[in-house]
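Got your viewer open? Load the model, show it as a cartoon, and let's walk through it one stop at a time.

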Amino acid sequence: MKILRGWQITGLALLAGIALGGYVQGLRWSADVAERGQKASDEISAGQQAVIAGQAFQFQRFNEIARQANQYGINIRAQSDEKQRVYRTIIKCEPASRRCVPDDVASRLLDYTNSLRASAMHTATGKSDAASVSAITTACRLTYAQAVYWIDPLLTVIDQANSQLSGIREIEGSRNH
């Protein structure tokens, strides 16, 4: 009986060892799975952090470009205002400044101005007020002085728009790279 008991104890010890080994192996597999999951989670987190950092940098860069364009616009408007004061002083004394621009030229400018306004403001109809048109037709529509006064503000607006478009192109270029 002692031999049988020894085999029983040995068999039980062997079974306990196999069960304990299986349990330890299961724990190891679980730890490996958890470690792989943690690594994947860390990689995803690092990727998200990189995307957020890139977007924050782009946002900061876009704001800087917009600020520069705005500052440029302020500067050229100030320069334009100064030029207009000088022009008004010079033109005041000029007798030719009171002469009327020919009606066909003035009409084309007015029509073009109205079409630009209508295209910029979608709700506008682009039609002139009949009362103001009748008042204009009896007098001079546009003097040479008025035409000169329009030139610098128009050039200023064009320069501002070009600066803004340049900023947009710069943003698009940085976004594509």
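## First stop: arginine 99

Select arginine 99: at 54% relative accessibility, this residue counts as exposed (exposed is over 50% relative accessible area, buried is under 20%, and partly exposed lies in between, with a 1.4 Å probe and protein chains only). Before you click on, note that this is a predicted model, in which local features need pLDDT of at least 70, side-chain atom pairs count only at pLDDT 80 or more, and totals for chains, interfaces and linings use all residues. Residues are numbered from 1 along each chain as its sequence is written, and side-chain values use heavy atoms, leaving out hydrogens and water.

Arginine 99 sits in the loop between α1 and α2 (103–120). Helices here are DSSP runs of H or I with at least four residues, strands are runs of E with at least two, and both are numbered from the N terminus. Which residues does arginine 99 touch, leaving aside its neighbours within four places in sequence? Light up Leu142, Thr143 and Tyr144; contact means heavy atoms within 4.5 Å. Now try a distance: the C-alpha atoms of arginine 99 and alanine 145 are 8.1 Å apart, with the two positions 46 residues apart along the chain.

## Zoom out

Take in the whole protein: you'll find 4 helices and 0 strands, in the order α-α-α-α along the sequence. Of its 177 residues, 12% are buried. Among contacts with a separation of 6 or more, 83% join residues 24 or more positions apart.

## Serine 80

Next, pick serine 80 in helix α1. Is it buried or exposed? Serine 80 counts as buried because its relative accessibility is 4%. Show side chains and look for the polar contact between serine 80 and aspartate 152, at 2.6 Å. (A polar contact is a pair of N or O atoms within 3.5 Å; within protein, one must be able to donate a hydrogen and the other to accept it, and residues adjacent in sequence count only if both atoms are side-chain atoms.) Beyond four places in sequence, serine 80 touches Asp152, Pro153 and Thr156.

## Last stop: isoleucine 151

Move to isoleucine 151 in helix α4. This isoleucine is partly exposed, with a relative accessible area of 46%. Add Val86, Tyr87, Ile90, Val148, Leu155 and Ile158 to Ile151, and you have selected a nonpolar surface patch of about 600 Å². Helices α1 (2–92) and α4 (144–176) each supply at least two of its residues, and α4 gives the most, with 4.

Methods
Patches are made of residues with over 30% relative accessible area and no salt bridge: like charges are joined within 9 Å, nonpolar side chains (Val, Leu, Ile, Met, Phe, Trp, Tyr) within 5 Å. Accessible areas come from the Shrake-Rupley method with a 1.4 Å probe; for residues, only the protein chains shown count as cover. A salt bridge is a side-chain nitrogen of Lys or Arg within 4 Å of a carboxyl oxygen of Asp or Glu.
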